[in-house]
There are 2 protein chains.
Amino acid sequence: MNQATPNTLRDLLPSKGELTRQTILRAAADLASIEGLEGLSIGDLAKAVGMSKGGLYSHFGSKRELQLAAIETARAVVREAVFVPAAAAPPGLKRLWALCEGYISYHERKVFPGGCFFGNVGAEVDAKAGTLRDKLAQLYNGLHARFAGMVREAQGLGELDASADPVQLAFEIIAVIREAARLFLLDDDAGHFARARFAIAARLRPLLTEKSPALPDVPAPAAKEGAAGP
Amino acid sequence: MNQATPNTLRDLLPSKGELTRQTILRAAADLASIEGLEGLSIGDLAKAVGMSKGGLYSHFGSKRELQLAAIETARAVVREAVFVPAAAAPPGLKRLWALCEGYISYHERKVFPGGCFFGNVGAEVDAKAGTLRDKLAQLYNGLHARFAGMVREAQGLGELDASADPVQLAFEIIAVIREAARLFLLDDDAGHFARARFAIAARLRPLLTEKSPALPDVPAPAAKEGAAGP
DNA sequence: CCTACCGATCGGTAGG
DNA sequence: CCTACCGATCGGTAGG
């Protein structure tokens, strides 16, 4: 802090440059959710925010730096869209369910235009060892840990059978939600989310205790005729 | 068939050009499992098979044509790696379990160097409406239908409770296997597949009947300490 | 934050 | 199946 003058409102507000930077990063995250972090081109990004390529390079020294910053922005978006709302629910089973619903809704609402930023970018980098892959692995590890933590919380309150393995339960919940999200992107059928909800409710039901609040009603997904195999 | 001369062995064997074509396509599928169908460049592919770009274009008129052909090749690879072996198991619950194991093993063995071709390519195209996305949607539909069909078969033989929804069951099985596969690519921990197996066995167990053959023993996955959230 | 440029690589083609 | 090339676009830079 080499600021001689006293703080004014103007000093505390984000500078114009910082606002531009955030605009660029949010656009970058949106584009990367469709094209991937490599497929995102600086030229297209510049066009999307109405700037020149040179203008972008005054905010980021390299494409890689922009990619890393876009990941942080996407992380903040997920936090606001999924984790913050869930934290508003009462602790225990209700909060766990709110987290599931929030994560489902995040996919269904297409908070990012190309579906989940991390789903797309994760698939893009998962076969290439390196910093980006490790970063994504760590973020997904964190996601699983969040869900597992909520399971433990519900168990601690006696609202969920203590014998269930929280990590295993988190794995299964996230699995059905992400599978639904992928199928939804491919065929635009939101019914896949009904399957995810149904699977989660059925998995939790045998674990309920007399202390458990009631689970919301989850209708059985509509039957569907099978298609031909590959 | 505008062939005047009688068939000889030579006529029935694949021509040299056809063999080259297959070599190119298998290399293309391998590369696309890492880089995606767009990320795959004709120059890199030519280098991988030891040909010039011009040489490749004598087999395929355009990149798009090559992409479509590579999808068919990848489909044949999955058929040989997953569906054919499962068909060798006795019908019913055993065959369903063999299909699960085959699908898990296909991911764990990395039949494609970048993990599942369709997982990677699906994520790449799922946000872009068009022929490729529709093709992938149809293929995944077929995968789900295969699993659902095996569930129905087991039910028909009385080896699985008839009240279970085959499509829902297929959805949940595929979900945990694919989630395990994605995590495996990110952190190289094959333990995720143990979680998938455990989830499938636990899901099937309440559906077993007195006619059911015994399920293989599936050990509970090792406990794992939670990491920090995002 | 812009214009104007760099070398490299992209998909694709001509001609053999 | 090759060499030699095309225009377009890539990430990135210089200079202002």
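Is Cys116(A) buried or exposed? In this predicted model, Cys116(A) counts as buried, at 13% relative accessibility. Its counterpart in the other protein chain, Cys116(B), has a relative accessible area of 10% and is buried.

Neither cysteine takes part in a disulfide. The closest cysteine sulfur to that of Cys116(A) belongs to Cys100(A). The two sulfurs are 15 Å apart, too far for a bond. A disulfide requires sulfur atoms within 2.5 Å. In chain B, the sulfur nearest to Cys116(B) is that of Cys100(B), and this too is 15 Å away. Over all chains, the count of disulfides is zero.

The fold of chain A is built from helices. Its secondary structure comprises 10 helices and zero strands. Along the sequence the pattern reads α-α-α-α-α-α-α-α-α-α. The C-alpha trace spans about 60 × 55 × 30 Å along its principal axes. Chain A has 230 residues, of which 48% count as buried. The exposed area of the chain is about 10500 Å². Carbon and sulfur atoms supply 56% of that area. Contacts between residues at least 6 apart in sequence were also examined for chain A. Of these, 67% join residues at least 24 apart.

Helix 7 of chain A covers residues 117–125 and is mostly covered. Eight of its nine residues are buried. Among them are the aromatic pair Phe117(A) and Phe118(A). Val121(A), Ala123(A) and Val125(A) are also buried. So are Asn120(A), Gly122(A) and Glu124(A).The protein lies close to two DNA strands, taken in turn here. Around DNA strand D there are 17 residues. Those that come nearest are Ile42(A), Tyr57(A), Lys63(A), Thr20(B) and Ser52(B). By class, this surface has four nonpolar, nine polar and four charged residues. Of the strand D atoms within 4 Å of the protein, 51% belong to sugar or phosphate, and the rest belong to bases.

Polar contacts to strand D involve a base as well as phosphates. A polar side-chain atom of Lys53(A) lies 3.0 Å from a base nitrogen of DNA strand D. The side chain of Tyr57(A) places a polar atom 2.8 Å from a phosphate oxygen of this strand. From chain B, a polar side-chain atom of His59(B) is 3.0 Å from a phosphate oxygen of DNA strand D. Several elements give two or more residues to the surface near strand D. In chain A these are helix 3 (42–49) and helix 4 (53–57). In chain B they are helix 2 (16–39) and helix 4 (53–57). Helix 3 of chain A gives the most, with three residues.

DNA strand C is surrounded by 16 residues. The closest are Thr20(A), Ser52(A), His59(A), Tyr57(B) and Lys63(B). The surface near DNA strand C has four nonpolar, nine polar and three charged residues. Sugar or phosphate accounts for 50% of the strand C atoms within 4 Å of the protein, and bases account for the rest.

Three chain B residues show contacts to phosphate oxygens of DNA strand C. For Leu40(B), a polar backbone atom is 3.4 Å from such an oxygen. For Ser41(B), a polar side-chain atom lies at 3.1 Å. For Ile42(B), a backbone N or O atom lies at 2.9 Å. The elements that give two or more residues to this surface come from both protein chains. Chain A provides helix 2 (16–39) and helix 4. Chain B provides helix 3 (42–49) and helix 4.

A further site was examined in chain B. Ser212(B) is found in the segment after helix 10 (191–204). Ser212(B) is buried, with a relative accessible area of 16%. Its side chain has two polar contacts to backbone atoms. A polar atom of the Ser212(B) side chain lies 2.6 Å from the backbone oxygen of Glu159(B). The same side chain reaches the backbone nitrogen of Thr209(B) at 2.7 Å. Leaving aside residues up to four places away in sequence, Ser212(B) touches Leu93(B), Glu159(B) and Leu160(B). Glu159(B) is thus both a touching residue and the source of the backbone oxygen at 2.6 Å.

Methods
Residues numbered from 1 in each chain as written. Chains lettered and ligands numbered in written order. Predicted model: local features only at pLDDT ≥ 70, side-chain atom pairs only at ≥ 80, totals over all residues. Heavy atoms only, no water. Buried < 20%, exposed > 50% of the residue type's maximum accessible area, 1.4 Å probe, protein only. Near = heavy atom within 4 Å. Polar contact = N/O pair within 3.5 Å; in protein donor to acceptor, adjacent residues only side chain to side chain. Helix = DSSP H or I, 4+ residues; strand = E, 2+ residues; numbered from the N terminus. Nonpolar A, V, L, I, M, F, W, Y, C, P; charged D, E, K, R; others polar. Contact = heavy atoms within 4.5 Å. Areas by Shrake-Rupley, 256 points an atom, 1.4 Å probe, with all protein chains shown as cover.
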